[in-house]
Amino acid sequence: MDQLQNTPNELLSEEKSLKNIALVGNPNTGKTTVFNLLTGLHQKVGNYAGVTVEKKTGFLLGYQKKINIYDLPGLYSLIPKSIDDKIASEILCGREDSIDIKLIVVVLDSGNLSRNLYLLSQILDLKIPVIAALNMMDVAESNGLNINIKGLEDVFGIPFIPIVANKKKGIDNLKERIFRTLEKGSIESPNPLQIPEEIKSAIKPINIMIRNGSEKADSFYDAQALRYLSSDAAFKSWQSSKPKNSDQTKEQELLQAAR
Ligand SMILES: Nc1nc2c(ncn2[C@@H]2O[C@H](COP(=O)(O)OP(=O)(O)OP(=O)(O)O)[C@@H](O)[C@H]2O)c(=O)[nH]1
Ligand SMILES: [Mg+2]
């Protein structure tokens, strides 16, 4: 039989229908080390923050369908404070709507859990399936930390998979969990941020303003709106990421009205 050739349009639609996974986490938690193990690629890793400065992509090894993995620069919060933070947060928060992320693997530094869990809690508001990779378990162990994995799973309602990425430990487990989640499609975060109705309606205009047409979960934009309301610096960071011709006076008025 003749080899079938894809037309450019078919290739484009194949590209669009690809499932995407994003590797996200604080700087220097081992995201690229995990990315290299999942894709077989050899992106640069290094023992200091900011080694990955732009998004990189590769295909997930061992799964029956073609899955795209994004290795994103590290970030501390979905309210970006630096250019590097912005790359990852804009992909996750919907400015780059062409990338439809089906699963987020949050790579955590187990030796620095409390700081790392702050970002995880923000990511859960996105209502995209999340798996937490508890990386650097060797560091946690040598620091005498005994992490209660079951307790974390109960509180956050997502799987926590212990790994030591630079020793390739736990990677098969992580892969298996990724495959299973991709098959299942969706998970609900059992502990969403509960916002009373009267607050929700007060922040609605800000939700609409910052979502800017994006289809992402309402709960995420409600949570972002509350962050902007509680911090002028966060709101200014959002304004600075927008085109200069936006109506900043109107935006400021909306914020004041909700306060
Ligand atoms: N001890 C230990 N070191 C690890 C582990 N996983 C990765 N590393 C090391 O941690 C350092 C950072 O790894 P990267 O994969 O570059 O981390 P990253 O999250 O991509 O970093 P940025 O791109 O800068 O945000 C490297 O020196 C890795 O070899 C682990 O489980 N234990
Ligand atoms: Mg990296």
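# Notebook: a walk through a predicted model

**Entry 1: valine 51.** I started with the contacts of valine 51 and, setting aside its neighbours within four places in sequence, I found Thr32, Lys44, Val45 and Gly46. This is a predicted model, so I keep that in mind for everything below. I then looked up where valine 51 sits, and the place is the loop between H2 and strand S2 (56-59). Is valine 51 buried or exposed? I noted it as partly exposed, because 16 other C-beta atoms lie within 10 Å. I also checked the pair valine 51 and threonine 32: they are 19 residues apart in sequence, and their C-alpha atoms are 8.9 Å apart in space.

**Entry 2: the whole protein.** I stepped back for an overview. I counted 11 helices and six strands in the secondary structure of the protein. The protein has 259 residues, and 32% of them are buried. Then I turned to the contacts with a separation of 6 or more, and 64% of these join residues 24 or more positions apart.

**Entry 3: isoleucine 21.** I went to strand S1 (residues 19-24), where isoleucine 21 is found. I wrote isoleucine 21 down as buried, because 23 other C-beta atoms lie within 10 Å and 20 are enough for that word. Which residues does isoleucine 21 contact, leaving aside its neighbours within four places in sequence? I listed Leu60, Ile67, Ile69, Lys102, Leu103, Val105 and Ile178. I took leucine 103 from that list for a closer look. Isoleucine 21 and leucine 103 are 82 residues apart in sequence, yet from C-alpha to C-alpha they are 4.9 Å apart in space.

**Entry 4: two positive phi values in loops.** I looked up asparagine 28 next, in the loop between S1 and H2. Asparagine 28 is not a glycine, and its phi is positive, near 65 degrees. I noted asparagine 28 as partly exposed, because its count is 19 other C-beta atoms within 10 Å. Lysine 168 was my other stop, in the loop between strand S6 (160-162) and helix H7 (171-184). Phi of lysine 168 is also positive, near 60 degrees, again in a residue other than glycine. Lysine 168 is exposed, because 11 other C-beta atoms lie within 10 Å and the word applies at 12 or fewer.

**Entry 5: around ligand 1.** I asked which residues come nearest to ligand 1. Of the 24 residues around ligand 1, these are Gly30, Thr32, Val45, Thr52 and Gly74. Two elements give two or more residues to the shell, helix H2 (31-39) and helix H5 (137-142). H2 gives the most, with three residues. I sorted the shell by class and got nine nonpolar, 13 polar and two charged residues. Two names here were already in my first entry: Thr32 and Val45 are among the contacts of valine 51.

**Entry 6: helix H8.** I followed helix H8 (residues 197-211) and met a kink of about 50 degrees at isoleucine 203, shortly before proline 205. Which residues of H8 are buried? I noted Ile203, Ile206 and Ile210. A reminder to myself: an α-helix has 3.6 residues a turn, so residues three or four places apart point the same way. I then looked for the partners of the buried residues of H8, and they pack against helix H9 (218-230), helix H10 (232-240) and helix H11 (248-258). Just after H8, asparagine 212 has a positive phi of about 50 degrees.

**Entry 7: H8 against H9.** How do the axes of H8 and H9 cross? They come within 8 Å and cross at roughly 100 degrees. I therefore described H8 as roughly perpendicular to H9. On the H8 side of the contact I listed Lys200, Ile203, Ile206, Asn207, Ile210 and Arg211. On the H9 side I listed Asp218, Tyr221, Asp222, Gln224, Ala225, Leu226, Tyr228 and Leu229. By class, the residues of this contact are eight nonpolar, two polar and four charged. Ile203 closes my notes: it marks the kink in H8, it is buried, and it is one of the residues that meet H9.

Technical notes:
Residues numbered from 1 in each chain as written. Chains lettered and ligands numbered in written order. Predicted model: local features only at pLDDT ≥ 70, side-chain atom pairs only at ≥ 80, totals over all residues. Bend = angle between axes of the 7 residues up to and from the residue. Helix = DSSP H or I, 4+ residues; strand = E, 2+ residues; numbered from the N terminus. Contact = placed C-beta atoms within 7 Å. Axes fitted to C-alpha atoms, helices over the stretch in contact; angles between N-to-C directions. Parallel < 35°, antiparallel > 145°, perpendicular 65-115°, else oblique. Nonpolar A, V, L, I, M, F, W, Y, C, P; charged D, E, K, R; others polar. Near = placed C-beta within 6 Å.
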